[in-house]
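Visitor: Could you take me through some of the words used for a protein model, and tell me how each one is justified?
Guide: Gladly; let us look at it together.

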Amino acid sequence: MEDLSTIRSEALQAVEAAADLGALDAARVAALGKKGTVTGLMKTLGTLAPEQRKEFGARVNQLKGEIEAALDARKGALSSAALEAKLAAEKVDVTLPVRPERQGSLHPIGQVMDELAAIFGEMGFTWADGPDIEDDWHNFSALNIPPDHPARQMQDTFYLPPRADGTPMVLRTHTSPVQARTMLDKNVQKMLADGGSLRIIVPGRTFRIDNDATHTPMFHQVEGLVIDRTTHMGHLKGCLVDFCRAFFEIDDLPLRFRPSYFPFTEPSAEVDIGCSWKGGELKIGAGDSWLEILGSGMVHPNVIRNCGLDPEIYQGFAFGMGIDRIAMLKYGIPDLRAFFDADLRWLRHYGFSALEGAAR
Ligand code: 2NL
């Protein structure tokens, strides 16, 4: 009987003293395991007289239940303490500064395309797109470029394998085929017939076999086209003067319109902006020099006709310029070829923040 109370207090003490789950399990084994003290008491039951066995058996069972309850309680306490310790150790300090991460930047070409879209957008132009791979009709014939024109020669244009029907295919040498496709669009023709006017800009990639300090085989162009019944050369001039002054952010930028020739316009004019070269450094604005920046003209009647419109009814103007070139001029980028080297250091220097849309 004394045995019972000693075993009881020893077992409960061991449970209470267990500092971790391992020690607690050892306490359980010591009392309730195969060779445990309480299990030992159970084994003695068989040696007792029936009445004693009943009474003693009940007390041993009660002790067993008591120890099991103590084990459970201690286990609960130890696990929640372990969890608390784990939470405390793994605490995240949300007030710590974030790790510095490199921000991406916009390529100057994309930046300038966005600027073009904004300036011409205010004048009612929308952005039109088309394929880089064109058939020779949309790239040349539709635009009144004669069969013997140097632009058509293999040395100047990237020819691709012909289509199954034999149509010669090229990498577009200008974005004009997009304007041709737009004029040929039945919805556009209906809009024009209803008295509307067509105003588009077409920025995009263009390709010519040329590779030196000032030419890359892939480059970017923006062309513009206005078609309606009344648009004349005065509108062309006003539009391009406004554009150049807005783009270069110089309100009194001088412009000069020089007669020129393009197969797809008649008459044609090239546009120069005023500049000066002081100490070998180019400055755009009033000065004693001129810098050519774009070509333009009234759309040739043959082009209007080729694109499914009656040149007796419709007329308009068109213009084209190199995006890479105007980007270099506006942002003082010296080397054309660096544009397409995919050099991240160059991009970080000349790139633009996506959110500000302005030079860093
Ligand atoms: C330049 C000159 C120019 C055009 C492009 C054009 C397009 C159609 C009809 C008529 Cl569909 N013209 N485009 C007109 C004049 C000049 O580009 O120096 N580009 C870099």
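Guide: This is a predicted model, and we can begin with the second largest pocket, where the lining residues divide into 8 nonpolar, 1 polar and 1 charged.

Visitor: What makes a residue of that lining count as nonpolar, polar or charged?
Guide: The lining consists of W277, L282, I284, L291, R325, M328, L329, G332, I333 and P334. Arg counts as charged and Gly as polar, whereas Trp, Leu, Ile, Met and Pro count as nonpolar, so R325 is the charged residue and G332 the polar one.

Visitor: Which elements give two or more residues to this lining?
Guide: They are β9 (281-284) and α11, and α11 gives the most, with 3 residues. The space in this pocket is about 230 Å³, while the largest pocket has a volume of about 1,300 Å³.

Visitor: Which element supplies the largest share of the lining of the largest pocket?
Guide: That is β10, with 6 residues.

Visitor: Why is β10 called mostly covered?
Guide: A residue is buried when its relative accessible area is under 20%, and 9 of the 11 residues in β10 (residues 289-299) are buried, so the strand is described as mostly covered.

Visitor: How do you know that β10 pairs with β8 and with β11?
Guide: Pairing requires at least two bridges between two strands. Because 9 bridges join β8 to β10, and 4 bridges join β10 to β11, each of these counts as a pair, and both run antiparallel.

Methods:
Residues numbered from 1 in each chain as written. Predicted model: local features only at pLDDT ≥ 70, side-chain atom pairs only at ≥ 80, totals over all residues. Heavy atoms only, no water. Buried < 20%, exposed > 50% of the residue type's maximum accessible area, 1.4 Å probe, protein only. 1 Å grid on protein atoms, 1.4 Å probe; cavity = no way out; pocket = protein on both sides within 12 Å on 5 of 7 lines; lining within 4 Å. Points joined across faces, edges and corners; volume = space filled by probe spheres on them.
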